[in-house]
Amino acid sequence: IDSKKIAPYFLTVHEIVQQARKLGILCQGRGSAANSAVCYCLGITSVDPDKVTVLFERFLSNARDEPPDIDVDFEHERREEVIQWIYEEKGRSRAALAATVISYRSRSAIREVGKALGLSPDTVGAMADTVWGMGSSGVKVDHVREAGLDPTDPRLRLALELSAELCGFPRHLSQHVGGFVLTDGRLDELVPIQNAAMDDRTVVEWDKDDLDVLKIYKVDVLGLGMLTCLRKSFALIGKHYDRQVALGMDDEDPAVFDMLGRADSVGVFQVESRAQMSMLPRLKPRTYYDLVVEVAIVRPGPIQGGMVHPYLRNREKIAAGGKIEYPGKLEKILKRTCGVPLFQEQAMQIAIDAAGFSPAEADRLRRAMATFRRAGTIHKLKDKFIEGMVEKKYDRAFAERCFKQIEGFGEYGFPESHAASFAILVYDSSWVKHYYPEVFAAALLNSQPMGFYAPAQIVRDAQEHGVEIRPVDVNFSHYDNTLEQIEGRAPAMRLGFRQLDGVKEDGANALVERRGAGYASVSDMRERGRVSSP
């Protein structure tokens with residue numbers, strides 16, 4: 001691998017991260033490359049590579065001959081500042097966002113075909129409503145019949161056939177959520193480009209797969225709400241407690257893990273869903289790596305692959321002093337996850353050590369997992385995987401079970417490299433919630449929209465943690481939720497104007513600026529605050 005080829009890529013990402021930090025924007029890298037020692041030393045990530053197992057082939061591969069993938073998360077409210085800095089620094093002639101190809105799914109396909117065949121809007125709507133979720137397998141005949149329609153009608157039958165055939169075909173180009181293409185030369189000499197719908201943005205008319213084939217640099221500049229929440233939390237802690245806190249804090253506080261073990265995680269990054277709350281008391285996390293597992297295990301991949309219950313059983317067995325039997329050479333790979341493969345990197349390592357795959361073939365397996373539902377190519381590697389394990393003296397039934405678990409990942413298998421970065425934010429947000437619940441609640445509310453919970457649920461949770469909640473008051477509130485000092489007690493949270501429907505930030509700020517020592521009456525507020533009458 002020619003380090004001269006990839007060094008500029010790392011330095012470009014480092015430059016973007018450094019600029020974000022100069023602007024006071026919290027950011028963190030994630031991905032296989034982001035958890036490398038290189039990115040740790042460059043400050044792109046807070047993940048200590050000694051605390052996780054990084055598979056080198058997931059990071060760099062001779063066969064791929066392309067830069068490693070680095071996703072960088074920025075505060076979701078301030079990501080646009082980073083994007084505009086990149087345009088200013090590189091110029092729109094050398095920087096653009098990648099496109100993404102939107103393909104037909106079952107709903108959109110039946111709507112388009114039904115319209116073309118002249119079916120009534122009611123009929124088309126009824127058929128589209130029989131599709132659950134974002135499936136691409138077409139509209140089922142039985143579901144059409146259950147909706148009160150006759151699937152034997154010639155035009156309906158033709159619509160079902162054509163829409164099923166149309167699923168998966170490209171429909172239109174859209175803008176990638178954050179994939180930036182950066183080039184040394186002019187973009188328009190290399191790829192087709194167009195102006196984006198948003199002002200001052202340029203979009204390359206190719207998607208990430210096209211860019212990968214041509215080995216064009218792409219940096220993912222993504223927005224993450226929890227980084228916004230944490231930055232606001234740290235600012236409030238500094239203001240009201242005169243304590244400086246930063247991302248990537250010491251992650252060994254038992255009290256924080258006790259809180260998570262009780263599933264007291266409303267608002268906490270990645271572990272606030274009902275599914276995660278039901279898993280937390282069973283997993284009982286006590287270390288940083290337990291959080292890495294927690295982030296990854298409540299996902300469709302491990303669930304579909306039948307990995308969750310075996311993991312919990314093995315974990316309990318080990319805690320009780322029992323031992324896990326590891327076939328062949330798999331102990332080194334599976335010991336950290338109690339004998340069950342939970343991560344993409346483990347699937348790749350099993351393929352290399354137990355099935356005789358080369359690192360390049362293992363990377364093909366990873367890519368097949370990532371595009372399982374879209375491309376369906378993973379079955380092509382099945383025979384090689386199973387026969388390779390049998391040849392190395394593994395039981396065939398065990399080999400088939402291993403492949404079934406890998407296949408269960410589909411496109412939902414979670415990389416350890418991403419889980420390791422997310423686990424830092426899980427701990428940091430848990431720490432703030434445990435020690436400063438009023439800060440955490442105010443920061444969460446001031447960072448909306450994000451997370452699973454409505455503002456009323458966040459307020460109720462804060463009250464249950466002993467936080468005094470004060471209502472919106474024209475003489476004390478600001479647009480954001482604020483903290484008010486109480487002698488000898490933790491600050492109270494004053495609800496801000498943002499919690500009121502129909503109140504815009506500019507109007508609220510003007511009302512605050514004009515109130516002086518306070519409004520004496522409603523008429524005084526209307527006149528001095530220049531508030532229009534209802």
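The questions and answers below go through a predicted model of one chain.

Student: How many helices and strands are in the chain, and how many residues does the chain have?
Tutor: The share of buried residues, 51%, is given for a chain of 534 residues. The secondary structure of this chain comes to 26 helices and 10 strands.

Student: What radius of gyration does the chain have, and what does the globule rule give for 534 residues?
Tutor: For 534 residues the globule rule gives 24 Å. The chain is close to that value, so it is as compact as a globular protein of that length. Its C-alpha trace spans about 85 × 70 × 55 Å along the principal axes. The radius of gyration itself is 27 Å, against the 24 Å of the rule.

Student: Of the contacts in the chain with a separation of 6 or more, what percentage is between residues 24 or more positions apart?
Tutor: The count takes contacts with a separation of 6 or more and asks which of them join residues 24 or more positions apart. That share is 70%.

Student: Which strands pair with strand 7, and in which sense, parallel or antiparallel?
Tutor: Strand 7 covers residues 218–224, and 6 of its 7 residues are buried. Strand 4 (residues 170–182) joins strand 7 over 3 bridges, with Phe-180 partnered by Val-219. Strand 2 (residues 71–75) joins strand 7 through 5 bridges, and there Asp-71 is partnered by Asp-220. The answer is strand 4, antiparallel, and strand 2, parallel.

Student: Where on helix 24 do the buried residues lie?
Tutor: The buried residues of helix 24 (residues 455–464) are Ile-458, Val-459, Asp-461 and Ala-462. Seen down the helix axis, these residues fall within an arc of 160°, so they line one face of helix 24. Ala-456 and Glu-464 are exposed on the other side. The buried residues therefore lie on one face of the helix.

Student: What covers the buried residues of helix 24?
Tutor: The cover includes two helices, helix 22 (416–435) and helix 23 (437–446). It also includes two strands, strand 8 (469–470) and strand 10 (489–494).

Student: Which residue with a positive phi follows helix 24?
Tutor: The phi of this residue is near 85°. The residue is Gly-466.

Student: How far apart in sequence are the parts that Phe-257 and Tyr-427 tie together?
Tutor: The two rings form a tilted pair, 5.6 Å centre to centre with 50° between the planes. Both Phe-257 and Tyr-427 are buried. Phe-257 lies in helix 11 (residues 254–261) and Tyr-427 in helix 22, so the pair ties together parts that are 170 residues apart.

Student: Why does the pair of Phe-269 and Phe-422 count as edge-to-face?
Tutor: Planes over 60 degrees apart count as edge-to-face. The ring centres of Phe-269 and Phe-422 are 5.2 Å apart and the planes stand at 80°, so the pair is edge-to-face.

Student: Are Phe-269 and Phe-422 buried or exposed?
Tutor: A residue is buried when its relative accessible area is under 20%. Phe-269 has 9%, and Phe-422 has 7%. Phe-269 is therefore buried, and Phe-422 also counts as buried.

Student: Which residues form one aromatic cluster?
Tutor: The count of aromatic pairs in the chain comes to 9. One cluster is formed by Tyr-241, Trp-431, Tyr-435 and Tyr-436.

Key
Residues numbered from 1 in each chain as written. Predicted model: local features only at pLDDT ≥ 70, side-chain atom pairs only at ≥ 80, totals over all residues. Heavy atoms only, no water. Buried < 20%, exposed > 50% of the residue type's maximum accessible area, 1.4 Å probe, protein only. Helix = DSSP H or I, 4+ residues; strand = E, 2+ residues; numbered from the N terminus. Pairing = 2+ DSSP bridges. Arc of directions from axis to C-beta. Contact = heavy atoms within 4.5 Å. Rg over C-alpha atoms; globule rule 2.2 N^0.38 Å. Phe/Tyr/Trp six-rings, centres within 6.5 Å; stacked < 30°, edge-to-face > 60°.
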